[in-house]
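Student: Let's work through this model with short questions. Where do we begin?

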Amino acid sequence: MARTYTAGEAARALGISLDTLRRWDRDGRIRTTRDSGNRRLVSAKEIDRLRGDREVHFSARNRLRGTVTGVKVEGLIAQVELVVDEPAHVVAIVTADAVEELGLEAGMPATAVVKATSVMVQDA
């Protein structure tokens with residue numbers, strides 16, 4: 001029998017909030033089943049599918065998980081403001097294409113990857 005995870009376990013494995021997992025389920029972005037108590041279950045295979053290339057490893061050691069608090073797009077450049085879970089505040093300048101590709105919006109979880117003097121934004 002294939003390994004399944006509760007919605008909370010699956011959300012943690014994917015690095016997203018439980019609310020995001022529920023929204024993805026409603027939107028058809030994630031495939032879930034239900035147990036006898038009508039609770040969501042997610043297969044290990046589905047978690048692997050959603051991770052896709054998300055398991056990219058950077059040499060960067062400093063990763064700051066947090067929540068996007070603002071996105072300002074001007075032409076080809078976008079400023080992404082991220083309040084991290086640790087006591088810190090990060091603002092990154094990224095391309096507008098990156099904002100669109102990652103689907104960045106205020107209120108969603110994201111990770112700031114810090115390398116040298118640059119900050120890259122990665123969806124959580």
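Student: What N to O distance do the side chains of Arg-31 and Glu-46 have in their salt bridge?

Tutor: This is a predicted model, so the value is computed from its coordinates. A salt bridge here needs a side-chain nitrogen of Lys or Arg within 4 Å of a carboxyl oxygen of Asp or Glu. The side chains of Arg-31 and Glu-46 meet that way, N to O, at 3.2 Å.

Student: How many residues apart in sequence are the parts that this pair ties together?

Tutor: Arg-31 sits in the loop between α2 and β2. Glu-46 belongs to helix α3. The pair therefore links parts whose separation in sequence is 15 residues.

Student: Is Arg-31 buried or exposed?

Tutor: Exposed means over 50% relative accessible area, and buried means under 20%. Glu-46, at 4%, is buried. Arg-31 has 54% relative accessibility, so Arg-31 counts as exposed.

Student: Which backbone atom does the side chain of Glu-46 reach?

Tutor: Leaving aside neighbours within four places in sequence, Glu-46 is in contact with Arg-29, Ile-30 and Arg-31. One of these residues supplies the atom, at 2.7 Å from the Glu-46 side chain. That atom is the backbone nitrogen of Arg-31.

Student: At about what angle to β3 does helix α3 run?

Tutor: Helix α3 covers residues 44–51. The helix lies across β1 and β3. Its angle to β3 is about 70°.

Student: What is the order of the strands in the open sheet of three strands?

Tutor: The pairing in this sheet is antiparallel. β1 (4–6) and β2 (33–34) are at the edges, each with a single partner strand, so each has one side without a neighbour in the sheet. Two bridges join β2 to β3, residues 40–43. The order is β1-β3-β2.

Student: Which residue in β3 stands opposite Arg-34?

Tutor: β2 and β3 run antiparallel. Across from Arg-34, in β3, is Arg-40.

Student: How far apart are the closest N and O atoms of Arg-40 and Asp-25?

Tutor: Arg-40 is in strand β3 and Asp-25 in helix α2 (residues 18–27), so their salt bridge ties together parts 15 residues apart in sequence. Both partners are buried. Their closest N and O atoms are separated by 2.6 Å.

Student: What N to O distance goes with the salt bridge of Arg-39 and Asp-35?

Tutor: Arg-39 is exposed, at 54% relative accessible area. Asp-35 is partly exposed, at 22%. Their side chains meet, N to O, at 2.9 Å.

Student: Which residues do salt bridges with shared partners join into one network?

Tutor: The count of salt bridges comes to six. Arg-40 forms one of them with Asp-25. Through shared partners, the network joins Asp-25, Arg-34 and Arg-40.

Student: Now the other strands. Which residue in β6 is the bridge partner of Gln-79?

Tutor: β5 (residues 77–84) and β6 (residues 88–95) run antiparallel, joined by eight bridges. They form a hairpin, with three residues between them. The partner of Gln-79 in β6 is Ile-93.

Student: Which element gives the largest share of the largest nonpolar core?

Tutor: This core has 15 residues, and those touching the most other members are Val-68, Val-80, Leu-82, Val-94, Leu-104 and Val-121. Two or more residues come from each of β4 (62–74), β5, β6 and β7 (109–115). The largest share, four residues, comes from β5.

Student: How many residues are in the other core that lies apart from it?

Tutor: Among its members are Ile-16, Leu-21, Trp-24 and Ile-47. The size of this core is 11 residues.

Student: How far apart in space are Val-68 and Val-121, C-alpha to C-alpha?

Tutor: Val-68 lies in strand β4 and is buried at 1% relative accessible area. Beyond four places in sequence, the residues it touches include Val-80, Leu-104 and Ala-110. Val-121, under a like exclusion, is in contact with residues including Val-80, Leu-104 and Ala-110. Val-68 and Val-121 are 53 residues apart in sequence, and in space their separation is 9.8 Å.

Definitions and conventions. Residues numbered from 1 in each chain as written. Predicted model: local features only at pLDDT ≥ 70, side-chain atom pairs only at ≥ 80, totals over all residues. Heavy atoms only, no water. Pairing = 2+ DSSP bridges. Contact = heavy atoms within 4.5 Å. Axes fitted to C-alpha atoms, helices over the stretch in contact; angles between N-to-C directions. Core = buried A, V, L, I, M, F, W, Y, C linked by side-chain atoms within 4.5 Å. Buried < 20%, exposed > 50% of the residue type's maximum accessible area, 1.4 Å probe, protein only. Polar contact = N/O pair within 3.5 Å; in protein donor to acceptor, adjacent residues only side chain to side chain.
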